[in-house]
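Hi everyone, thanks for coming. I'd like to walk you through a structure that may be new to you, so have a look at it first and then we'll go through it piece by piece.

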Amino acid sequence: MAASVTDRTPHLGVSQPISTSRPDPKDIVMTDQLIATLKKFNSYEPKEETEKRMEVLRSLNRLVKEWVKKVTAIKIPSGEGANAGGKLFTFGSYRLGVHSSGADIDTLAVVPRHIDRTDFFTSFKEMLRQDPNVTELHGVEEAFVPVMKLKYSGVELDILFARLALKEVPDTQDLFDDQLLRNLDQESVRSLNGCRVAEMLLKLVPRQKEFCIALRAIKLWAKNHGIYSNSMGFFGGISWAILVARACQLYPNASASRIVHRMFFIFSTWTWPHPVLLSALDQDRCDIPTLCDLIWDPRKKNSDRFHLMPIITPAFPEQNSTHNVTRSTCHIIRNEICEGLEICKDITEGKATWEDLFKEVKFFSRYKHYIALIMATSTEEEELNYGGFLESRIRLLVQSLERNQDILIAHNDTNKHRPSPNAKFDVRPENTRITIWFIGLEFAEHATNLDLTSEIQRFRTNVELQASGVKGIGPNSQVEIDMFYMKRTRLFSIIGAAALKKGRDWKPPKNPPPPMGPVPYRTTVARTSSTNSVPTTPTTLVAPSTPLSEAMPTSEPDSTTNNGTPVSRKRVVQEATSTSETVTTSTIEDVPPEKRIRDDTLEEPILEMVVEVANGVVEESSEVELEKDNGHLNGSNGLEASEKHMEVPQSV
């Protein structure tokens, strides 16, 4: 009888299971407690909300069919396309059955070959605009995966677009056939990938019920710990789903509570950057050679060699879902997973509850120093269009800050904030809608003076140039963006106390993650003295041989070096004197002594920020002491020089 039970255990994935043990009574009790806690955190939506979502999807599906019919009548007046069809598919959390109350729905509009993307962002968008049930409508046509965002009867939706090389798209259309990818543009292939991955995921997990419960738990934990956002350099929903699916494959008979525990255990000791795979890569597809270039393969593609935490999607063409992860976000994610493992151990031993795992973590308890990025707009439409664009670019600023040898961690908050009622900003009177994002900074032990002007100004210039070419924004946009430094003790001057106090204080894990493993296929890179030659991959640079206090004067008279060579920015950190230095990949754990986190018992360093006014070469330098944190907010003035004439910290 035991042999018969063992034979029914599904073996999926690229390796044999670690354990095929079945749940014991304690596992069943813990799973029941987990489900009850998830319901308490609104991870399950009520029946009425489910019915409303289904009605919204039916209405949008009818709109897609009606739109395809109208465009077909214009493009094929002979009537041959009367049965062109069109269909709305769902994917993401909704398709996997793990969406929470109030969550958005990821959808895909699939149309026949005579309908193009221009029609989608013009005639279909106009049809949606005329629908009284539609609000907050805006398109992001220039995104890596073009998308239309809206609310329909209060339900938030993202609609992607894909055009198949078919005359008709009937209601029975299936997207799982790889041959459908023939002769499609890359945007359509990426859009179809979401639906195909969701279907493949459900086929590659041994028990869908346990998978869905565990995934709900991991998604809730990741969101409340601020590590759930693909566009901002963390893991997105599909990445977390693949990690949970891999845990299910390795423990095919485990209960949902056990899978949550095992997920933390597996990936707290995972030897990154070795990839996470649910199935073997299908790299030799002679039938579709044009799509083989899209498959993740660090042996052939240089860009793939620099991915820090590759998690590969299971559907062809297999791609890395975490290519946005930076050095800082990698370190943060690994620390959070280790802390999750410690809490799960306490839950198993009866020292903690599931609520302790899901409690929201206070972002502003993590760091003492922050960069605030503000966006000021005059209308809701500008706020939606520019806000989505700007949020997707914040990780580029993080990567730029990471290249500064004095910055160990640049941690961008995944949440955006509204200013407090009394906060004042130097913006146009008509730009009354203000949004704020924060980046927490952790400095190296040897940090004495920092000049972030170059990183800030380069980011601002690039964003403004790119935004001028984005449809829906344009070169005449009146949106204003600004950035300034703030100490933790001064945050109350721009955001409310509720946002500052929300959540529990962050605590570092007792057992931090092990050092990153060697990066396969990566070679040593020769780096010149110019910062622009540093590859975009986050790396840890060798600390300068000369002490910073001796190497850098307090000010620079002009923008040239001693030998007359122009420089693109003021550097407070002096480069090594040699023309090139060897940079080898390392991690936060391998940081040399010169770059360890500074001890607060040492003499407090100085942060120098230089302000350049666009209308003239006027520079305003203020030296800002980094505070000795006393553990709570106080009214000390951290920006004395700049606050003499501004009610907010100096802008950069």
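Let's start with Asp104: leaving aside its neighbours within four places in sequence, it is in contact with Arg53, Glu156 and Asp158. Before I go on, please keep in mind that this is a predicted model.

So where does Asp104 lie? Look at the loop between helix H4, residues 92-96, and strand E2, residues 105-111. Asp104 is partly exposed, with a relative accessible area of 27%. Now step along to Ile105, which is found in strand E2. Is Ile105 buried or exposed? Ile105 has a relative accessible area of 0%, so it's buried. Not counting residues up to four places away in sequence, Ile105 touches Arg53, Leu57, Thr90, Tyr94, Val155, Glu156, Leu157 and Asp158. You'll have heard some of those names a moment ago: Arg53, Glu156 and Asp158 are in contact with Asp104 too.

Why pick these residues? An unreviewed UniProt entry lists a "binding site", and its positions are Phe91, Gly92, Ser93, Asp104, Ile105, Asp106, Asp158, Lys219 and Tyr228.

While we're in this area, find Gly97, which lies in the loop between H4 and E2. Gly97 is partly exposed, at a relative accessible area of 31%. Its C-alpha atom is 9.5 Å from that of Lys209, and those two residues are 112 apart along the chain.

Okay, on to the aromatic rings. How many aromatic pairs are there? The count comes to 20 aromatic pairs. Take Trp67 and Phe124: their ring centres are 4.9 Å apart and their planes sit at 45 degrees, so we call the pair tilted. This pair links distant parts of the chain, with Trp67 in helix H3, residues 47-75, and Phe124 in helix H5, residues 117-130, 57 residues apart. Trp67 has 1% relative accessibility, so it counts as buried, and Phe124, at 1% relative accessibility, counts as buried as well.

For another kind of pair, go to Tyr367 and Tyr370. Their ring centres are 6.4 Å apart and their planes are at 75 degrees, so that pair is edge-to-face. Tyr367 counts as buried at 7% relative accessibility, and Tyr370 counts as buried at 0%.

Back to Trp67 and Phe124 for a second: ring pairs link them with Phe120, Phe121 and Phe161 into a cluster.

Some rings have a charge over them, too. What lies over the face of Phe144? That would be Arg190, at 3.8 Å from the ring centre. Over at Tyr44, the charged end of Arg216 sits over the ring, 4.1 Å from its centre.

Last topic: empty space. Rolling a probe the size of a water molecule over the atoms shows where empty space is left. Searching the whole structure turns up five cavities of 30 Å³ or more. I'll just show you the second largest cavity, which holds about 60 Å³ of space. Its lining is made by Asp27, Met30, Ser257, Arg258, His261, Cys344, Ile347, Thr348 and Trp354. Which elements give two or more residues to that lining? They are helix H2, residues 25-40, helix H9, residues 256-268, and helix H10, residues 327-348.

That's the tour, so I'll stop there and leave the picture up.

Key:
Residues are numbered from 1 along each chain as its sequence is written. This is a predicted model: local features need pLDDT of at least 70, side-chain atom pairs count only at pLDDT 80 or more; totals for chains, interfaces and linings use all residues. Side-chain values use heavy atoms; hydrogens and water are left out. Rings of Phe, Tyr and Trp (its six-membered ring) pair if their centres lie within 6.5 Å; planes under 30 degrees apart count as stacked, over 60 as edge-to-face and the rest as tilted. Helices (H or I, at least four residues) and strands (E, at least two) are DSSP runs, numbered from the N terminus. Buried means under 20% relative accessible area, exposed over 50%, partly exposed in between (1.4 Å probe, protein chains only). A charge sits over a ring if NZ of Lys or CZ of Arg is within 6 Å of the ring centre and within 35 degrees of the ring normal. UniProt positions are given in the numbering used here, feature names are shortened, and annotations may be inferred rather than shown by experiment. Contact means heavy atoms within 4.5 Å. On a 1 Å grid over the protein atoms alone, a cavity is a set of points where a 1.4 Å probe fits but cannot get out, and a pocket is an open set with protein on both sides within 12 Å along at least five of seven lines; lining residues have an atom within 4 Å of a point. Grid points are joined across faces, edges and corners, and a volume is the space filled by probe spheres set on the points.
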